[in-house]
Every structure is written in C-alpha cells, then in structure tokens.
Amino acid sequence: MERRRFMQCLAWAGTGLVWAARGGVLSATTLDVAAAAGADFTFGQISDTHVGFAGEANRDSMGTLRDSIAGLNALPTRPSFVLHTGDLSHGQKPGAFATLAEELKAVKTEKMFFIPGEHDVAIDGGKEYLSRYGAGTYESRGYQSFDYRGVHFVGLVNVLSYKPGVGGALGDEQLAWLRKDLEAQSPSTPIVVFAHVPLWAVYPSWGWTTADGEQAIGMVRRFGSVTVLNGHIHQVLQKVEGNVTFHSARSTAFPQPAPGAAPNPGPMKVEADELRRLLGVRQVQYTEGMKPLAIVERPLA
Amino acid sequence: MKALIATLTAALALTLAFAAAGGAAAAPRVEIHQFKFQPAQLTVPVGTTVTWMNDDEETHTVTATDRTYTSTGLDHGEKFTHRFTAPGTYTYFCALHPHMTATIVVR
C-alpha cells in the first residue's frame, strides 16, 4: 500500500482500525469485525505520556492521559497487560513518575511493562527511572524479555547513550544480551520487540532512528512473525520488511509533525477537535495460527 | 607632559579594557531558538556566568558533553545559568535533541 493511501485510511480512523498484514500485504478493517474474529489475547500500548508537559500544543495533557486510560478500559476485551513505550515524564519534571504511577492505577489490566524514553533519563542518566522501573529487568538495566502464551516479548532501551550528535542507540552490551536472549527461541515463536525510539530510520536528521538498530533487526529476521512497537514520534507510522512489521504509536500528550513536514520536530499545534484525533492508545491482538498480530488504533476522537 | 599623556593614555586603555570585560560579563547570553543554540560559539573571560534562555516551544536542556553540569528540562521562557571558573573550550548539547551542540570558550 502506498504511504498516501495508508494515510488516507488513517484519516477515517474514528472508531478504531485493525491493521492486519498477511504475506506483507496490509489490509484495514473496522474494530467491530476484528472483535468478532476473536483473539487469543490482547495487550495494550500506551506511549509518550509526557507527564509535566504544559506547552501550547495541549494545555490539558493530564486530561488526555485520563481519556486514553478510559479508552483502554473501554476495550471490548480486557488487555492481558499494557506496554508503556517511554517518555513517561516530560524532561523528568519533579514528581512526574509518581504522578503517572498514581494515574495508571486506574488501568484495568494485570500488569504493566515499561521502557524509558530520552525524557525519562536525560537529566540524571537514568538513576530515577531505573530506581523505579529497573526491578525485574536484566541486571536492573531497564531492558527485559518475557513470554506470554507462546509469544516472546523483548523490551529494549535505546535512550541511555545520548551524546552530542548521537541519539538513539542500543550499545554493544545490550546487543550481546539480545543475541543470547533470541538464540533460545524457535523460529516459529512470534516475537514482539518494543523500544522507545524507532529501531528503523524514520527520519535521522530529527533523531528518529537508532544508530545500531539494524543489528537488532538483523537478529529477528529469522523469525516467522515479528512485530516492532515504538513511540517517540507521536504519530502512527507503519513499515513492513519481510516478516517484520514496525508500528510507531500516538502520544497521549501532544502530536508531532510528519517527518520533514515542519522545520523541526517540536510539538504540533492543531485545533482542539483535531487534537483528539491525533492522541490515543493502541490495542494489539494475537490469535494463534494467524501469524501477523493485529494492531487496533484507538484515537481519543 | 609627555609622561603624563602616556600615563593618562594607559589609564584610559585600562579603563576601556575593564569596561569591555565588565560589559561582556554582565550579560553573556545564549538563546535557544528553532532547535539551535545561538550563538553556537561564545567567548567569555574566566569567572563569567553564562545565561541560557529557551525561546522554543519545545523543551530543551543545556548539558555539558562530559556531563559535569546540566540544566533541568527548560520549558519555553525558562533560563539556566552556569559559571565558568577555568580557561578552556567547553562543548555542550541538548540531552533531548543531541544534534543541538555548541561551545563556550573561556579565556
């Protein structure tokens, strides 16, 4: 499907769309049809909550966060768990992590998994984030893997090596861990990788890429079904490469411009009713035997 | 008479030099505008306190390359100051947008 056509489909995503990829071909259907198809389990993705954001692009980012949580709770199938794909806070504003933790208590799910965005680690190199969310991750470094009903999930950290001129990167230690982690998996195991900054080069001059992301992608190519979820760019974009599909998510706080559509990637100011179509969460459905995972976008309006 | 003129000239030169240094130290300032530090290179005397002001809607940081100092996330209109106490060339960047880099030269 051409990018233009894909964006047109997104434009009518009023009640939620399912994107299903079969043999590399994308098709869209409505949420009702997807719900009827019946999934083995579903999980949610929430991203870029930016607690502490108070800019003009959204004066009520706590309100849109609560609406996003309400959207997750209103899903016809309760998500088994929810992934937060980073930028929990806006530049580590004091108290932001605690405020978010309090708000997320309202999410109706069994468990939440977190990975950091650059906003969560920029000021102190990750100390505060890892003291809260490091427990249960590999050597308390923030990256982690787990299995759920036959699907192998891997959460990566690609925001801890920011330095002048270099943004997202995984680093050799994490790549070595990932290689070892994936070695144990059978090629028929569905893989879901989640990371904050896109692992693929969406728009490098805006920092929308992971310098060594291609190495990680190389490691998952041997698997029959790979779904890569990210945040960071505050908009839905999708790319298919063989058996690997990449999906970037909306923010709950503020939208950002399409790649290259503005002089810089700063928060995008839009009309109030338009804003709610650009914010939201997503649901992912897994059905055994159906290789691709179905992605259901849930904008606020 | 000649000696007096020489003395006065020297005194005047010293006063001017002092005024120039004092003027520079009073308000050395870097603006953050459109994802750039402006000026990208600023030269100041030892002991100068530099002020950064974020004019962007986006949040930025002022972070030393060696991480010896950093601002918090600066929202629109917020300021950060740092005093440079030793001569040298100090590079810094925005830890949220690492393509934003700049330099303070301290003499």
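The following paragraphs describe chain B, a nonpolar core with members in chain A, and a few backbone features of a predicted model.

The secondary structure of chain B consists of 1 helix and 8 strands, and the elements succeed one another along the sequence in the pattern α-β-β-β-β-β-β-β-β. Chain B has 107 residues, of which 27% count as buried. When contacts in chain B between residues at least 6 apart in sequence are considered, 47% of them join residues at least 24 apart.

Within chain B, 4 strands form an open sheet in the order E2-E1-E4-E6, and the pairing in this sheet is mixed. Strand E2 (36–38) and strand E6 (79–84) of chain B each have a single partner strand and stand at the edges, so that one side of each is left without a neighbour in the sheet. From one strand to the next, the twist averages 20°. Strand E1 (residues 29–33) of chain B and E2(B) run antiparallel and are joined by 3 bridges, and His33(B) is placed opposite Lys36(B) of E2(B). The loop between E2 and strand E3 (41–44) of chain B contains Pro39(B), and the peptide bond leading from Gln38(B) to Pro39(B) is cis, with omega near 0°.

The largest nonpolar core comprises 83 residues, among which Leu156(A), Val192(A), Val193(A), Phe194(A) and Ala195(A) touch the most other members. Strand E8 (residues 191–195) of chain A supplies the largest share of this core, namely 5 residues. If residues up to four places away in sequence are not counted, Val193(A) touches Val154(A), Leu156(A), Val220(A), Val226(A) and Val228(A).

Two residues of chain A that are not glycine were examined for their backbone angles and surroundings. His50(A), which lies in the loop between strand E3 (41–46) and helix H3 (61–73) of chain A, has a positive phi of about 45°. Because 29 other C-beta atoms lie within 10 Å, His50(A) is buried, the cut-off for this class being 20 or more. Ser140(A), in the loop between helix H6 (127–133) and strand E6 (144–148) of chain A, likewise has a positive phi, of about 55°. Ser140(A) has 11 C-beta neighbours inside 10 Å and therefore counts as exposed, a class that requires 12 or fewer.

Definitions and conventions. Residues are numbered from 1 along each chain as its sequence is written. Chains are lettered from A and ligands numbered from 1 in the order in which they are written. This is a predicted model: local features need pLDDT of at least 70, side-chain atom pairs count only at pLDDT 80 or more; totals for chains, interfaces and linings use all residues. Two strands pair if DSSP finds at least two bridges between them. Helices (H or I, at least four residues) and strands (E, at least two) are DSSP runs, numbered from the N terminus. Axes are lines fitted to C-alpha atoms, for helices over the stretch in contact, and angles run from 0 to 180 degrees between N-to-C directions. Two residues are in contact if their C-beta atoms, placed from the backbone, lie within 7 Å. A nonpolar core is a set of buried Ala, Val, Leu, Ile, Met, Phe, Trp, Tyr and Cys residues joined through C-beta atoms within 7 Å.
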